[in-house]
Amino acid sequence: MKQPPSLAEYRKHRKPFRNLKQEAHEKLTLLNKLALWITERVGTMGFFLIIFAWTVIWLGWNLLAPKELQFDPPMGFVLWLFISNLIQILLMPLIMVGQNIQGAHAEARAENDLEVNVKAEKEIEMILEHLEYQNEMLLAMVQKMGLDLKELTKH
C-alpha cells in the first residue's frame, strides 16, 4: 500500500492566498484611480438625476423666465448643447479607461479563482487518497483478525 502525502508535505509547497483587490489598487496610477472614481460615480442613478435636474432647470429657465433673464434662447439652446456634448466627449474616454481597468481586475480575479479551485481540487484528491489508504488499512486489519467482511457490514 502506497502511503498518501501528508498534510505537512502539502502545506510546504502551498502558496499563500493573495489579496488581489489590494494588489490591483497598489498598481494603479493617480490617473487610473481618477478614471475608476469617475466610472464608478457616472454609472449611478444619482449622476443621472443630477444631469436630468440640470437639464430640466436649464431648459425650464430659458423657456419660462422673462426674456431679459434668459441666457440661452429657446429653440436654440446652443450653450446647453455645447456643455452637454462637452460632458459626453470628456466622460466617454474616461469611462472606457475605467472599464478597461475594471476588466483587467476582473480577469485577475478569475485567474485567482481558477488557482484556488485547482488548489481545492488537489486538496480533495489528497483527502480521497488518504481515505482510500485508510479503507485499505481497515480492510487489511479486518482480514488479519479473521472476520468476515459481509457479516460485519450486515450489522
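**Exercises on a nonpolar patch and two salt bridges**

Trp-61, Leu-69, Phe-71, Leu-79, Phe-82, Leu-86 and Leu-90 make a nonpolar surface patch of about 690 Å². This is a predicted model, in which local features need pLDDT of at least 70 and side-chain atom pairs count only at pLDDT 80 or more, while totals for chains, interfaces and linings use all residues. Residues are numbered from 1 along each chain as its sequence is written, and side-chain values use heavy atoms, with hydrogens and water left out.

**Exercise 1.** Find which helix gives the largest share of the nonpolar patch, and state where Trp-61 is placed.

*Solution.* Begin with the share: helix 5 (residues 78-144) contributes four residues, the largest share of the patch. Then turn to Trp-61, which lies in helix 4 (residues 45-64). Trp-61 counts as partly exposed because its relative accessibility is 41%, where partly exposed lies between buried (under 20% relative accessible area) and exposed (over 50%), with a 1.4 Å probe and protein chains only.

**Exercise 2.** Locate the two salt bridges of the structure, and decide for Lys-119 whether it is buried or partly exposed.

*Solution.* A salt bridge requires a side-chain nitrogen of Lys or Arg within 4 Å of a carboxyl oxygen of Asp or Glu. One pair is Glu-40 and Arg-41, whose closest N and O atoms are 3.4 Å apart; Glu-40 is partly exposed at 44%, as is Arg-41 at 38%. The other pair joins Lys-119 to Glu-115 at 3.8 Å between the closest N and O atoms. These two residues are separated by about one helical turn because they stand four residues apart in helix 5. Lys-119 counts as buried, since its relative accessibility is 11%, whereas Glu-115, at 24%, is partly exposed.

Terms used
Patch = residues over 30% accessible without salt bridge, like charges linked within 9 Å, V, L, I, M, F, W, Y side chains within 5 Å. Areas by Shrake-Rupley, 256 points an atom, 1.4 Å probe, with all protein chains shown as cover.
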